[in-house]
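Please walk through the model shown here, beginning with its ligands and ending with the backbone of its loops.

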Amino acid sequence: MDPAWITVSISLLLKCVECSGTATEWTYAGAVGQAEWAEYFPDCGGSSQSPINVDTSQTLHDPTLIPVQPLGYNQPGKRPFSLSNNGHTVQMTLPHWMGLAGLPWHYSAVQLHLHWGNGVGVATGSEHTINGQSTSAELHIVHYNTEVYANMSEAMTQENGLAVLGILIEAGEEINQAYGSIFNYLARIRYAGQKVTIPAFDIQSLLPDNLSQYFRYNGSLTTPPCYQSVLWTIFNERVKISHSQLMKLETVLYSSKAEEAEPMVLQDNYRATQPLNHRTVLSSFIPVSVKMYTAGEITAIVIGSLCGCIGLAVIIYFIVKTFRTQDVAKEQDMALKITSNPGKPEQDAPQPET
Ligand SMILES: *[C@@H]1O[C@H](CO)[C@@H](O)[C@H](O)[C@H]1NC(C)=O
Ligand SMILES: *[C@@H]1O[C@H](CO)[C@@H](O)[C@H](O)[C@H]1NC(C)=O
């Protein structure tokens, strides 16, 4: 038998074993990295994928988009929350009474998790970008549609099944106590598969203050199996955590299990932005578009302004000169009149001739 044929069959066989099993080990970079996801999880190659770059010069303002209303977010209850490291992210389960109103359906909260970078160079780590700009991290709060579907596992594969809130996170000076309620326990779940219970806290304090300014579009889960079932809400206002909190998030967790010989730091767990493919991104407000100019445009603007300034200077010069000339003429006139009528009082000089 042709050895090449055997290799092909074996690799096909292996692929099929992987694709039929639920245990395909996907990663962000590597053998089943994001460029390969679609081979194993067909929806990842779909045309309505997330995340996306939000180009605010292309968003459509929809004045009917009312503020997002978190329900029960600030009633955490007394039962502790469960926080786990699943090898891809840190995830926390949310009580079923938390939900969202202000969307086309009623949604019930399921879990929240984060995406982040590696702390080197410019801020990267968020999944969504706005006008091409990343932030250091992004929080996702996942909800399912309880009006249409029986449970999360049914909803996550279906149209309009999920609603996810996306919160862009950047680093600042001050410690964010709300995020601290999660970050303070990361050291207890360093390895994949570990879990810890943490005191319940106010989930609303993880959100930005302004819940009325956001972008809305139809997209997908940002991890395999990438189901295209998500109605996304990306808040315009960013949330700040401290530099040391960010560093903790970027360095404390491993994507490997405790028993593995070489620990792998859990970093850069964000997916690249996906093509928009004719989807519309709605905005609940009129974004202040920060227009980026090309070198040519900048040259034109500089030359234009210079010409304008020179033109203005010339005009001012002539106006001033004209006034000066008139004033000089008047003065000379006056002087002449005074000198020609030396004996007369001054008030008699401008007598009209009748
Ligand atoms: C979810 O709902 C579907 C449809 O009602 C049902 O078949 C399935 O067993 C439920 N799954 C879970 C995990 O409850
Ligand atoms: C999302 O898709 C649904 C159809 O399933 C459509 O009715 C809705 O307008 C879309 N929303 C946005 C924000 O594009």
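## Ligands, pocket and disulfide

A polar atom in the side chain of Asn151 sits 2.4 Å from an oxygen atom of ligand 1. Taken alone, this ligand exposes 360 Å², and the protein buries 30% of that. The model is a predicted one, and the distances and areas given here are computed from it.

Asn151 has company around ligand 1: Ala150, Ser153 and Glu154 also surround the ligand. By class, the shell around ligand 1 consists of one nonpolar, two polar and one charged residue.

Ligand 2 has its own set of surrounding residues, namely Glu159, Asn160, Arg216, Tyr217, Asn218 and Leu282. On its own, ligand 2 has 370 Å² of accessible area, of which the protein covers 52%. Two side chains can be picked out by their distances to oxygen atoms of the ligand. For Asn218, a polar side-chain atom lies 2.3 Å from an oxygen atom of ligand 2. For Glu159, an N or O atom of the side chain is 3.0 Å from an oxygen atom of ligand 2.

Which strand gives the most to the shell around ligand 2? It is β12, residues 214–219, with three residues. The shell around ligand 2 divides by class into two nonpolar, two polar and two charged residues.

The next feature is empty space rather than a bound molecule. Rolling a probe the size of a water molecule over the atoms shows where such space is left. In this model the largest pocket has a volume of about 1,100 Å³. It is lined by 41 residues, and the closest to its centre are Trp26, Asn86, Gly87, His88 and Thr89. Three elements give two or more residues to the lining: β7 (107–116), β9 (137–145) and β10 (162–172). Of the lining of the largest pocket, the largest share comes from β7, with four residues. Sorted by class, the lining of this pocket has 17 nonpolar, 20 polar and four charged residues.

From the pocket, turn to the covalent link between cysteines. The count of disulfides comes to one. Its partners are Cys44 and Cys226, with sulfur atoms 2.0 Å apart. Which parts of the chain does the pair link? Cys44 belongs to the loop between α2 (37–40) and β1 (53–54), while Cys226 belongs to the loop between β12 and β13 (230–235). The two cysteines are 182 residues apart, and the pair links distant parts of the chain. The torsion about the S-S bond of Cys44 and Cys226 is about 80°, so the disulfide is right-handed.

The loops that hold these cysteines also have backbone features to look at. In the loop between α2 and β1 lies Pro51, and the peptide bond that joins Ser50 to Pro51 is cis, with omega near 0°. The loop between β12 and β13 holds Pro225. There the peptide bond from Pro224 to Pro225 is cis, with omega near 5°. Cys226 lies in the loop between β12 and β13 as well. The phi angle of Cys226 is near 55°, a positive value in a residue other than glycine.

Two elements are worth finding again in the view. Strand β12 gives three residues to the shell around ligand 2, and the loop between β12 and β13 holds Cys226, which forms the disulfide with Cys44. Strand β7 gives four residues to the lining of the largest pocket.

Technical notes: Residues numbered from 1 in each chain as written. Chains lettered and ligands numbered in written order. Predicted model: local features only at pLDDT ≥ 70, side-chain atom pairs only at ≥ 80, totals over all residues. Heavy atoms only, no water. Near = heavy atom within 4 Å. Polar contact = N/O pair within 3.5 Å; in protein donor to acceptor, adjacent residues only side chain to side chain. Areas by Shrake-Rupley, 256 points an atom, 1.4 Å probe, with all protein chains shown as cover. Nonpolar A, V, L, I, M, F, W, Y, C, P; charged D, E, K, R; others polar. 1 Å grid on protein atoms, 1.4 Å probe; cavity = no way out; pocket = protein on both sides within 12 Å on 5 of 7 lines; lining within 4 Å. Points joined across faces, edges and corners; volume = space filled by probe spheres on them. Disulfide = S-S within 2.5 Å.
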